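Subject: Structure handover

Hello,

Here is the structure you asked about. Please open it alongside this message, and my notes follow below.

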Amino acid sequence: MRHRISTAALALAAALLFLAAAPSAWAEELDAAKAAGLVGERPDGYLGLVSSNAPPAVKQLVEDVNAKRKAEYTRIAKQNGTAVDAVAALAGEKLIERTPPGQYVMGVDVRWVKK
């Protein structure tokens with residue numbers, strides 16, 4: 001099992017690097033929403049709305065990005081014979097580590113904290 005998670009971690013790191021480097025409008029929008037404190041990273045590997053008053057476009061962006069993440073986590077899990085939740089949790093850990101100071105992350109107590 002440890003080998004599978006390790007392989008999944010490498011595949012996940014590559015996928016995250018690709019997604020982070022992809023020059024697209026949604027990546028720029030996501031960066032702006034995070035910088036504005038509207039969106040944050042959750043430990044389960046998905047984005048969350050820090051503010052329930054986020055504009056509809058931000059809510060849609062979160063849904064779109066989370067759908068893409070779920071598809072990638074599913075692909076990686078299937079390729080490595082592991083659970084999707086395990087891949088997503090590993091991604092959440094990595095994404096929270098990469099979150100710059102001043103942006104929001106969700107703690108294990110399910111509260112948003114500014115990093």
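Start with Val110, which lies in the loop between strand 3 and strand 4. Keep in mind throughout that this is a predicted model. Phi of Val110 is near 65 degrees, a positive value in a residue that is not glycine. Most residues other than glycine have a negative phi. Is Val110 buried or exposed? Val110 is exposed, because its relative accessible area is 59%, and exposed means over 50%.

Now the overall layout. The protein has four helices and four strands. From the N terminus, the elements run α-α-β-β-α-α-β-β. Of the 115 residues, 37% are buried. The accessible surface is about 6800 Å². Carbon and sulfur atoms account for 60% of that surface. Take the contacts between residues at least 6 apart in sequence: 52% of them join residues at least 24 apart.

The sheet

The four strands form an open sheet. Their order is 2-1-3-4, and the pairing is mixed. Which strands stand at the edges? They are strand 2 (47–49) and strand 4 (112–114). Each has a single partner strand, so one side of each is left without a neighbour in the sheet. From one strand to the next, the twist averages 40 degrees.

Strand 1 (residues 39–41) and strand 3 (residues 104–106) run parallel. Two bridges join them. Look for Gly40, which stands opposite Tyr104 in strand 3. Helix 3 (residues 56–80) packs on the sheet. That helix touches strand 1 and strand 2. The direction of helix 3 makes about 160 degrees with that of strand 2.

Helix 3

Helix 3 deserves a look of its own. How does its length check out? At 1.5 Å a residue, the 25 residues of helix 3 should span 36 Å. The end C-alpha atoms are 36 Å apart, which agrees.

Several residues of helix 3 are buried, including Val58, Leu61, Val62 and Val65. Polar and charged names are on that list too, among them Asn66, Arg69, Glu72 and Asn80. Just after the helix, Gly81 takes a positive phi of about 65 degrees.

Salt bridges

How many salt bridges does the structure hold? There are four. Side chains of opposite charge can pair when their charged atoms come close.

Arg69 and Glu41 meet through their side chains in one of these, at 2.8 Å from N to O. Arg69 lies in helix 3 and Glu41 in strand 1, so the pair ties together parts that are 28 residues apart in sequence. Both partners are covered. Arg69 counts as buried, at 7% relative accessibility. Glu41 also counts as buried, at 1%. The cut-off for buried is under 20%.

Lys34 belongs to the picture as well. Lys34, Glu41 and Arg69 are linked in a network of salt bridges. Lys34 is found in helix 2 (residues 25–35). Lys34 is buried, with a relative accessible area of 12%. What does Lys34 touch, leaving aside its neighbours within four places in sequence? Its contacts are Val39, Glu41, Leu47 and Gln103.

Arg42 forms a salt bridge with Asp44. Their closest N and O atoms are 2.8 Å apart. Arg42 is partly exposed, with a relative accessible area of 23%. Asp44 is partly exposed too, at 33%.

Arg75 forms a salt bridge with Glu72, and the closest N and O atoms are 2.6 Å apart. Both residues lie in helix 3. They are three residues apart, about one turn of the helix. Arg75 is partly exposed, with a relative accessible area of 41%. Its partner Glu72 is among the buried residues of helix 3.

To find your way back quickly, begin with the network of Lys34, Glu41 and Arg69. Then turn to helix 3 on the sheet, and finish at Val110 in its loop.

Best wishes

Key. Residues numbered from 1 in each chain as written. Predicted model: local features only at pLDDT ≥ 70, side-chain atom pairs only at ≥ 80, totals over all residues. Heavy atoms only, no water. Pairing = 2+ DSSP bridges. Axes fitted to C-alpha atoms, helices over the stretch in contact; angles between N-to-C directions. Contact = heavy atoms within 4.5 Å. Buried < 20%, exposed > 50% of the residue type's maximum accessible area, 1.4 Å probe, protein only. Expected span 1.5 Å × (residues − 1). Areas by Shrake-Rupley, 256 points an atom, 1.4 Å probe, with all protein chains shown as cover.
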